[in-house]
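Work through the exercises below with the structure open beside you, and try each task before reading its solution.

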Amino acid sequence: MCSVAGRVLKKENYFHKCGFCKVFTASDRMQSGYAWHSHDFMQIWYVLRGRCENYVEERVYCLDVGDSFLVPPNMEHKTLLHPGTSVICCDFALEEVLRQTEQRESACGELDLMSVLYFLQGSKVRLPCFRFQQQSRRRVERIMSEMLEEYEQGALYYQEVLRIKIRELLLLFMREFATSPGYMEADMVYEKYKALMSEAISYIDGHYCESLTLGEVCKRFAISKTYFCSLFKLITRQTFTEYLTELRLRASMKLLEERSHSISEISEQLGFSSVSYFSKLFKGYTGCLPKEYRKKHGNMEGTSRD
């Protein structure tokens with residue numbers, strides 16, 4: 001779990017124009033979500049341009065153009081938008097969106113509060129980042145663009161139109177999670193191998209500073225490289241190398257912010273082969289060099305030789 005307690009956004013202090021939602025665009029120039037925070041409402045992001053990362057409970061999920069990210073209420077997270085990135089964001093109070101239709105629709109088994117909460121629990125644990133098929137992706141983008149237009153123009157009955165479109169958006173997410181073969185496969189694999197993979201991932205999380213190799217991990221958990229890589233990629237959506245590198249880069253960000261070590265010391269401490277290689281990976285991950293990141297985000301009370 002994240003050890004940094006962030007601020008909590010309350011819907012009564014956040015939804016000013018519309019009583020139950022807010023739809024807006026965000027870019028790398030608007031870092032309102034950069035610090036750790038949580039809120040008592042739901043949030044859906046869609047990446048129009050560029051790339052961003054959402055940090056949730058010590059994990060990071062990378063989003064590219066066309067990807068979506070769903071944040072349930074009361075989940076502490078933060079977001080890093082790369083330079084040139086633009087996203088459409090929809091924040092909404094789930095119970096208010098479903099309030100007027102819950103009784104009628106739940107009788108038909110379509111969309112009710114309990115079914116959405118069940119979906120949120122499953123997607124949060126397994127696949128909070130959604131990569132829709134091309135046709136569904138276009139539909140998601142269209143709906144969110146229409147929501148943005150409705151919200152900004154505020155025409156007659158725009159709030160009811162937004163309710164309908166948010167429900168449609170939720171149904172698309174729920175359908176993708178429930179019917180996509182990849183999601184179904186990941187769900188079955190997670191249940192069958194969750195104990196083994198959880199143990200392996202925990203081991204990686206605890207030893208990423210060491211000279212850790214794929215062969216060592218597979219030997220430790222008595223599993224073939226081919227099978228382990230297949231399961232690992234299916235569950236984490238990353239290769240072993242990508243996952244390990246990301247752990248080290250996230251740790252380096254924290255150390256750079258603390259200013260307690262030089263950049264060369266951080267590179268060596270986290271197992272990078274050289275400072276130049278570390279700097280190259282770091283820039284690819286954050287969009288800036290370690291020295292630039294430290295200058296922008298570092299704790300000025302700390303000390304550093306860089």
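The exercises that follow deal with one helix, its packing against another helix, and a pair of aromatic rings, all in a predicted model.

**Exercise 1.** Determine how the span of helix 10 compares with the expected value, and find which residue follows the helix.

*Solution.* Begin with the extent of helix 10, which covers residues 240-258 and so has 19 residues, the expected span being 1.5 Å times one less than that number. From first C-alpha to last, helix 10 reaches 28 Å, which is close to the expected 27 Å. Then step past the end of the helix, where Arg259 follows with a positive phi, near 60°.

**Exercise 2.** Describe how helix 10 packs against helix 13, and which residues meet there.

*Solution.* First take the geometry: the axes of helix 10 and helix 13 (residues 290-297) are 8 Å apart and form an angle of about 55°. Because this angle is neither under 35 degrees nor within 65 to 115 nor over 145, helix 10 is oblique to helix 13. The crossing of the two helices is right-handed. Next list the contact, in which Met253, Leu255, Leu256 and Glu257 of helix 10 meet Pro290, Tyr293, Arg294 and His297 of helix 13. Sorted by character, the residues of this contact are five nonpolar, one polar and two charged.

**Exercise 3.** How many aromatic pairs does a search of the whole structure find, and why is the pair of Phe15 and Phe41 classed as it is?

*Solution.* The search finds 14 aromatic pairs. For Phe15 and Phe41, the ring centres are 5.0 Å apart and the planes lie at 55°, so the pair is tilted. Finally, locate the partners, which are 26 residues apart and link distant parts of the chain: Phe15 is in the loop between helix 1 and strand 2, Phe41 in the loop between strand 3 and strand 4.

Notes
Residues are numbered from 1 along each chain as its sequence is written. This is a predicted model: local features need pLDDT of at least 70, side-chain atom pairs count only at pLDDT 80 or more; totals for chains, interfaces and linings use all residues. Side-chain values use heavy atoms; hydrogens and water are left out. Helices (H or I, at least four residues) and strands (E, at least two) are DSSP runs, numbered from the N terminus. Axes are lines fitted to C-alpha atoms, for helices over the stretch in contact, and angles run from 0 to 180 degrees between N-to-C directions. A crossing is left-handed if the near helix is turned anticlockwise from the far one by less than a right angle, and right-handed if clockwise. Contact means heavy atoms within 4.5 Å. Ala, Val, Leu, Ile, Met, Phe, Trp, Tyr, Cys and Pro count as nonpolar, Asp, Glu, Lys and Arg as charged, and the others, Gly among them, as polar. Rings of Phe, Tyr and Trp (its six-membered ring) pair if their centres lie within 6.5 Å; planes under 30 degrees apart count as stacked, over 60 as edge-to-face and the rest as tilted.
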